[in-house]
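Hi there,

Here is the structure I promised to pass on. Have a look at it first, and my notes on what turned up follow below.

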Amino acid sequence: MKTLKDLGDLKGKRVLVRADFNVPLDGTTITDDGRIKAALPTITALRDEGAKVILMAHLGRPKGQAVPELSLAPVAARLGELLGVEVPLAADTYGEDAQAKVAAMNDGDVVLLQNVRYNPEETSKDAAERSAYAKKIAALGDAFVSDGFGVVHRAQGSNFDVAADLPAAAGLLVEKEVTALSKATVNPERPLTVVLGGSKVSDKLGVIENLLDKADRLVIGGGMVFTFLKAKGLEVGTSLLEEDQIDKVKGYIATAEANGVELVLPTDIVVNPGFPAGDTPVAPEVVAADAIPADKMGLDIGPDSQKLFHDKIVDSKTVVWNGPMGVFEIAEFADGTRAVAQGLVDATAAGAFTIVGGGDSASAVRNLGFPEDGFSHISTGGGASLEFLEGKELPGLTVLA
């Protein structure tokens, strides 16, 4: 994979950078600027070299339309604050305004192009259509840097096709992500513990299949655990359940046993009369995992499981975590996720290499107040980190080879 140094002297060069600025918004207020901060090392390195830095990114899913609520204006403003310089926002991605703003740049300046997904060609399945569009973007630059790890699992105009038209390399963030995830999957220090949560087993099928012959220990929580409990013949009440995955999960349980992989499931569950919304109250109750009432819904792992999961994580040299243990957005159901996060922090302090695998896990870590430097690596890409862990080829990385 080519890196920044492979691009040579960039002084005075126009460098197009595909970043991941798909940040959560409350109106026009950014509620988590982690992805913007993650792009700063690459932006700063390019500015220090005297490059003209032209940033492009998407926000939300405007589906090929110019949706004002998904303008990158809040991102341009926050970038300006973080960099201490004005970051002009072009009104378009490759049109007259983008061309004019790029033409007016001095060495070290930064410009942000408008949401690439305002253009239907960006995500087109038609390679020729995408390629023609990418050439219009490429005309703005002399080199291309891929630094949006959150989109490298997609072949899209601004991260895949542009790389075919210009000298291309990975930015510091993509390089850091690949190095960290490789450290966890290629000859990891053992024991390797993989902690999986989130709502659906089906979202993690590829990861489980790929890791059943690599991990020493699989720790399962979140909504997906109820399909595992059901596969073991237990009552799961009204908890989230994927009936169509039960046979597959039975196979995983058997494979784990055959491969000597320790499969750790919760021993107790925090249940509620239903999902707490509308008229359904928050009335948590702890029950044994094999005694979930038929009329109750599991929303977190219980206190015994929290200690069990924490201790299994601490007893590891490498830990990968993807997916919360419960409905962490509601305080009464956040303790399981908190215990896992604390386990990773404690393991890191004891010398383990720990990865928080993007998406909801990264949000949970920040929302629950954990210091980012308490973990070896917090991934910026939920889907991308999952597909990397699945062992898939990621188009946005192969194009940088």
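The side chain of Ser 385 comes within 3.0 Å of the backbone oxygen of Gly 382. Bear in mind that this is a predicted model, so that distance, like every other value here, is computed from predicted coordinates. Ser 385 belongs to helix α13, which covers residues 382-389. Its relative accessible area is 0%, so Ser 385 counts as buried, the cut-off being under 20%. Which residues does Ser 385 touch, not counting those up to four places away in sequence? They are Phe 149, Leu 181, Asn 322, Gly 357, Gly 358 and Ser 379. There is also a long jump in sequence to point out: Ser 385 and His 153 are 232 residues apart along the chain, yet their C-alpha atoms are separated by 8.7 Å.

That brings me to the domains. The protein is divided into domain 1 (4-171) and domain 2 (180-390), and the contact takes nine residues from each of them. The C-alpha centres of the two domains lie 34 Å apart. About 710 Å² is buried between domain 1 and domain 2, with carbon and sulfur atoms giving 60% of that area. On the domain 1 side, Asp 32, Phe 149 and His 153 supply 65% of the area buried against domain 2, more than any other three residues. Two of these names have come up already: Phe 149 is touched by Ser 385, and His 153 is the partner in the C-alpha separation of 8.7 Å.

How many salt bridges does the rule find across the interface of domain 1 and domain 2? There is one. Asp 32 and Arg 366 form a salt bridge through their side chains, at 3.3 Å from N to O. Two residue pairs are in polar contact across the interface as well, both at pLDDT 80 or more.

Now for the nonpolar packing. The largest nonpolar core has 69 residues, and Leu 16, Leu 113 and Phe 228 have the most contacts inside it. This core draws at least three residues from each of domain 1 and domain 2. Apart from it lies another core, of 32 residues, which includes Ala 19, Ile 30, Val 87 and Ala 143. Going back to Phe 228, its contacts beyond four places in sequence are Val 201, Ile 208, Ile 220, Val 249, Ile 253, Leu 263 and Leu 265.

A polar residue is worth a look too. Gln 156 sits in the loop between β6 (143-146) and α5 (157-165). Is Gln 156 buried or exposed? It counts as buried, because its relative accessibility is 8%. Leaving aside neighbours within four places in sequence, Gln 156 is in contact with Arg 18, Arg 117, Glu 122, Thr 123, Arg 130 and Asp 161.

Last, some backbone details for your checks:

- A cis peptide bond joins Arg 190 and Pro 191, with omega about 5°; Pro 191 lies in the loop between α6 (172-185) and β8 (192-196).
- Asn 187 is found in the loop between α6 and β8. Its phi is positive, about 50°, although Asn 187 is not a glycine, and at 72% relative accessibility it counts as exposed.
- Lys 63 has a positive phi near 55°, and is a residue other than glycine. Lys 63 is in the loop between β4 (52-56) and α2 (73-83), and counts as exposed at 73% relative accessibility.

Happy to talk it through whenever suits you.

Best wishes

Key
Residues are numbered from 1 along each chain as its sequence is written. This is a predicted model: local features need pLDDT of at least 70, side-chain atom pairs count only at pLDDT 80 or more; totals for chains, interfaces and linings use all residues. Side-chain values use heavy atoms; hydrogens and water are left out. A nonpolar core is a set of buried Ala, Val, Leu, Ile, Met, Phe, Trp, Tyr and Cys residues joined through side-chain atoms within 4.5 Å. Buried means under 20% relative accessible area, exposed over 50%, partly exposed in between (1.4 Å probe, protein chains only). Domain bounds come from an automatic or database domain assignment. Contact means heavy atoms within 4.5 Å. Helices (H or I, at least four residues) and strands (E, at least two) are DSSP runs, numbered from the N terminus. Buried area is the accessible area (1.4 Å probe) that two parts lose on being put together, summed over both. A salt bridge is a side-chain nitrogen of Lys or Arg within 4 Å of a carboxyl oxygen of Asp or Glu. A polar contact is a pair of N or O atoms within 3.5 Å; within protein, one must be able to donate a hydrogen and the other to accept it, and residues adjacent in sequence count only if both atoms are side-chain atoms.
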